[in-house]
Structure formats: structure tokens, C-alpha cells
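Thanks for coming. I have one structure to go through today, so please look at the screen.

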Amino acid sequence: MSLFWIVIRRLAEIEERMATSKKVITREEWEKRLNDVKIRKEDMNKLVMNFLVTEGYVEAAEKFRMESGTKPDIDLATISDRMAVKKAVQCGNVEDAIEKVNDLNPEILDTNPQLFFHLQQQRLIELIRNGKIEEALEFAQEELAPRGEENQTFLEELERTVSLLAFEDVSNCPLGELLDISQRLKTASEVNAAILTSQSHEKDPKLPSLLKMLIWAQNQLDEKAAYPRINNLSNATLEDPTV
């Protein structure tokens, strides 16, 4: 037997021993360890409030504030304004959205040329969607072309968007995804994040990040032990370890 196959065999044997020598942690022991971890209720409440505020659930945030006494880190009234902007973009009313953003804080668009370009690009998409071809060409030439000359990325996005005009049935063309609702949602999320950042608030809620960390930690632990893990994040039920 060659040295190569001897090494491979030895590695296989070591891997097999490691797989069979995983530490098994019972449900009782695991739950005891979990109970030993002390988490303050006020920290949990802040996590919930952070999610409600970031995602724009203003009524739920107000009700939670009254029930738990948890103070949001921004004025809840601004959530309604932010959601109005987001809804306007999602409905294709980009001009209205831009006006609302400027009413909230003119510096948001003044200091974020990429966001402003994407809003104007979305406005062009809506013109094409509504069959306003001449108006779309004029708008692209006057409002977007000058920005494309200053930024290669903007120019490529503009050319891609204007290419929609080359197709009679834009809904079935190779670039049809620009007319999909997902494009509106993408632009709306970008605006939402920019408004949150201008308010010194995280643009993403903390809860999803914590859930990702949980999944990563479980995957790491899987290599070393068998333990009651959470497979269904929606109900957080512990499932008995499999040996």
C-alpha cells in the first residue's frame, strides 16, 4: 500500500473517531445552561422596539411603548413620514416620494447621489411602464444623461433602462425585471435605509442579525456536540439531539 493511501486511511479513521466521539448534551442539561444565561427584560424590549421602529410598524411601536414603557430612540411620528415615502415608491409615485424626502430632510438626496439617481431611474421606468415614450426619452436625456457622463456605473444603468424602449412588449423582454414589483421594492428599501441613517438609526433591524448569528453558532457547535437545537426559528422549539 502506498504512503498516500496510508495517510488517507489514517485521516478517515481519525474523522470517524471524531464523529463518534461527539459530546452528547441532554435536554435537561441544555435547558439548565440556557436558564443560567441571564437576559434583562429591558434588553429584550429594546430589541423588539428596534424591530418595530426599523420596519415601520408605528401603531405596534406606540402600543408596545405604552405597555412596556420602552422608549424608542426616534420620534414615532417620523415613522409615518418614512413609511409614506416608502409606500409612494412602491406604488410608482416617485415624484411624490422625492418631495416627501425633501420635506423630511433635503440633505438626504443632496448628499446621496446614488440614491437620487436610483429614484430618477425608477421615475424613468414608470414613464416607460405607462407608455409615455417621448416623455421618457426627454426625461432620460435631460435628467439622467448628465449624471451618466459623470459616473460610469450610472451610465451603464441608464443604458440598460433605456434599452426597454427597443422592445414592443417590455413585459416579456430580457430586461423585464426592471418593470417587476421587486425593482420598486429595491428602490423603496434604499430610500428607507437612507432616511433611517439620516436619523442616526440603524438601517437594518437587529433581530434578523441575531438569528443569523444563532444559525452560525449552531452550525459551529454541530461539529463538536449533539445537543437540543432549534431547527424551526418561527417557534424556537428545542429538538432532542440525534446521536
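Take residues 78-135 to begin with: the C-alpha atoms at the two ends of that span are 34 Å apart, and the span is 83% helix and 0% strand. Helices here are DSSP runs of H or I with at least four residues, strands are E runs of at least two, and both are numbered from the N terminus. The span is covered by the UniProt annotation "domain: CTLH", which comes from an unreviewed entry. UniProt positions are in the numbering used here, feature names are shortened, and annotations may be inferred rather than shown by experiment.

Some ground rules. This is a predicted model, where local features need pLDDT of at least 70, side-chain atom pairs count only at pLDDT 80 or more, and totals for chains, interfaces and linings use all residues. Residues are numbered from 1 along each chain as its sequence is written, and side-chain values use heavy atoms, with hydrogens and water left out.

Now the domains. The domain assignment gives domain 1 as 3-38 + 207-239 and domain 2 as 74-199; such bounds come from an automatic or database assignment. Taken over C-alpha atoms, the centres of domain 1 and domain 2 are 45 Å apart.

Next, the core. The largest nonpolar core has 17 residues, and Leu124, Leu144, Leu158 and Leu164 touch the most other members. A nonpolar core means a set of buried Ala, Val, Leu, Ile, Met, Phe, Trp, Tyr and Cys residues joined through side-chain atoms within 4.5 Å. Buried is under 20% relative accessible area, exposed is over 50%, and partly exposed is in between, with a 1.4 Å probe and protein chains only. Helices H8 (113-129), H9 (133-150) and H10 (152-162) each supply at least two residues of this core. H8 gives the most, with five.

On to the pocket. Rolling a probe the size of a water molecule over the atoms shows where empty space is left. A pocket is an open set of points on a 1 Å grid over the protein atoms alone, where a 1.4 Å probe fits and protein lies on both sides within 12 Å along at least five of seven lines; lining residues have an atom within 4 Å of a point. The largest pocket holds about 460 Å³ of space, the volume being that filled by probe spheres set on the points, which are joined across faces, edges and corners. Which residues lie nearest its centre? Among the 13 lining residues, they are Ile39, Met44, Leu47, Leu210 and Leu214. Helix H3 (41-55) and helix H12 (206-222) are the elements that give two or more residues to the lining, and H3 gives the most, with five. By class, the lining has twelve nonpolar residues, no polar and one charged. Nonpolar covers Ala, Val, Leu, Ile, Met, Phe, Trp, Tyr, Cys and Pro; charged covers Asp, Glu, Lys and Arg; the others, Gly among them, are polar.

Last, some single residues. The loop between helix H11 (181-198) and H12 contains Ser200, which has a positive phi of about 60 degrees although it is not a glycine. Ser200 is exposed, at 71% relative accessibility. Asp204 is in the loop between H11 and H12 and is partly exposed at 49%. The C-alpha atoms of Asp204 and Asp73 are 14 Å apart, with these positions 131 residues apart along the chain. Ala236, in the loop between strands E3 (229-230) and E4 (238-239), has a positive phi near 55 degrees.
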